[in-house]
Amino acid sequence: MKGGYDHYMQKEINEQPDSVLQTMRGRVKFDRQPKKRITLGGLVDRISTIRSGRRVMFVACGTSYHACLACRQTMEELAELPVSLELASDLLDRRAPIFRDDMCVFVSQSGETADTLKALEYAKERGALCIGVTNTVGSAIARSTHCGVHINAGCEIGVASTKAYTSQMVALTMMALALSEDSIRLRPKRNSIIDALGVLPDQIREVLKLDAEMLSLAEQLKEEQSLLVFGRGYNYATALEAALKVKEVALMHSEGILAGEMKHGPLALVDELLPIIVIATRDRMYQKMLSVVQQLLARGARLIILCNSGDSDMQEICASGGSRLIQVPETVESLQPIINIVPLQLLSYHLTVLRGFNVDQPRNLAKSVTVS
Ligand code: M6R
């Protein structure tokens, strides 16, 4: 069942080259003739309705929420619609306004999460178009939504969501691409994302080779009380998701921090002892992240910098001090979070094993949260 792996989480992390491919299979036309296109069978009849909507509202919990956060900017830039994000429980607590011309996207691996399901009923009562993005055919959310996309990541057994997360990001990116198909202005951007999707499985395969390096990093961090993860832009979601993985399975306190908020509080925590992961791959935020790195180093911080392979600035920083680098392949900025999370999943896996905790069944947690 575990296919030679010790744990389901480990197996599912390693399955990602294939699971993201399954998410794209039959849906992405990579060649240019007549044009690159995305066909999402469950949405084809709804594309023009979604395009004419007032806004796209993503609703989810936990890791699924992070997938929505990672794809928000892609959706804003390609669909050219306002995009809001809601944690399902918070939407319900606030009884937030939802309108008939809202396009609500409910993202859930299991398709059974109680809060997401309740939020779906709430949105339906208000007349919104409800779209499901799930990994479970026939699940409650798949059945109750008006239309949707299956992510086809294959069964995920480990409580910690890993391959579903990367497939959710691929599915949401495909949705944004499908919504922008008619735009001539956006064609170069769409084409570059579609090309990058084509090589994504191989790039994930490449990142998985960092396993031994992540084990050695986990050896170094296993006795720590706390771990901070800084990110911004597309990779704020990566910071939150990495921290969630570390706290959920390795039972270590961890916080994902929006780097833009650093000076508004978190900087007070920085000293020579607290390990900090900084996600600084090359995107529009790179210069700002470089400055974050320099400011953290000026305060003596102990850094682990996740950057693109061959980044000479980061290599220089590393050579001149005690920082450690995690180097990953480069892709278009909207897909970089998919690559970036993989070594951090491996790190949380190894931390859990080394700390002696239950990897697949963390204490107090269930795979599907079917009660609020
Ligand atoms: O099945 P769902 O995607 O709706 O589950 C939502 C969360 O409960 C889930 O993502 C949870 O945060 C994961 N266990 C995190 O790894």
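## A strand-by-strand tour

Select β11 and strand β12 (residues 324-328): these two run parallel and pair over five bridges. Strands count as paired if DSSP finds at least two bridges between them. Helices (H or I, at least four residues) and strands (E, at least two) are DSSP runs, numbered from the N terminus. The model on screen is predicted, so local features need pLDDT of at least 70, side-chain atom pairs count only at pLDDT 80 or more, and totals for chains, interfaces and linings use all residues. Residues are numbered from 1 along each chain as its sequence is written, and side-chain values use heavy atoms, with hydrogens and water left out.

**Stop 1: β11 and its neighbours**

Stay on the β11–β12 pair. Find N308, which stands opposite V328 in β12. Now follow the chain from β11 through helix α13 (residues 312-319) to β12; this β-α-β crossover is right-handed. The term means that, with the strands pointing away from the viewer, the path from the first strand over the helix to the second runs clockwise.

Show strand β11 (residues 302-308) by itself. How many of its seven residues are buried? Six are, so the strand is largely enclosed by the rest of the structure. Buried means under 20% relative accessible area, exposed means over 50%, and partly exposed lies in between (1.4 Å probe, protein chains only).

**Stop 2: strand β10**

Add strand β10 (residues 275-279), which runs parallel to β11 and is joined to it by five bridges. Look for two partners in β11: I304 for I277, and R302 for P275. Then add helix α12 (residues 286-298), which with β10 and β11 makes a right-handed β-α-β unit.

Five of the five residues of β10 are buried, so this strand is largely enclosed by the rest of the structure. Turn on its side chains. P275, I277 and I279 point one way, while I276 and V278 point the other, and all are buried. In a regular strand the side chains alternate between the two faces of the sheet.

Select strand β8 (residues 226-231) as well. β8 and β10 are parallel and pair over three bridges. L228 stands opposite I276 in β10.

**Stop 3: strand β3**

Jump to strand β3 (residues 55-60). It is mostly covered, with six of its six residues buried. R55, M57 and V59 point one way from β3, whereas V56, F58 and A60 point the other way.

Which strands pair with β3? One is strand β4 (residues 83-87), parallel and joined by five bridges. Another is β5, also parallel over five bridges. Center on F58. Its bridge partner in β4 is L85, and its bridge partner in β5 is V105. The chain crosses from β3 through α4 to β4, and this β-α-β crossover is right-handed.

**Stop 4: the largest pocket**

Pockets were sought on a 1 Å grid over the protein atoms alone: a cavity is a set of points where a 1.4 Å probe fits but cannot get out, and a pocket is an open set with protein on both sides within 12 Å along at least five of seven lines. Lining residues have an atom within 4 Å of a point. Grid points are joined across faces, edges and corners, and a volume is the space filled by probe spheres set on the points.

The largest pocket has a volume of about 550 Å³. Which residues lie nearest its centre? Select C61, G62, T63, K367 and V369, from a lining of 27 residues. The elements giving two or more residues to this lining are α4 (62-79), α5 (88-94), β5 (102-108), α6 (114-125) and α11 (236-249).

**Stop 5: charges over rings**

A charge sits over a ring if NZ of Lys or CZ of Arg is within 6 Å of the ring centre and within 35 degrees of the ring normal. Select R126 and Y122: R126 lies over the face of Y122, at 3.6 Å from the ring centre. Then select R282 and Y286: here R282 lies over the ring face, at 4.2 Å from the centre.

**Stop 6: two loop residues and a helix residue**

Most residues other than glycine have a negative phi. Go to R95, in the loop between α5 and β5. Its phi is positive, near 45°. Is R95 buried or exposed? It is exposed, with a relative accessible area of 52%.

Next is L251, in the loop between α11 and β9 (253-258). L251 has a positive phi of about 50°. At 23% relative accessibility, L251 counts as partly exposed.

Finish at L197 in helix α9 (residues 187-208). L197 is buried, at 0% relative accessible area. Add M174: the two are 23 residues apart in sequence and 9.4 Å apart in space, C-alpha to C-alpha.
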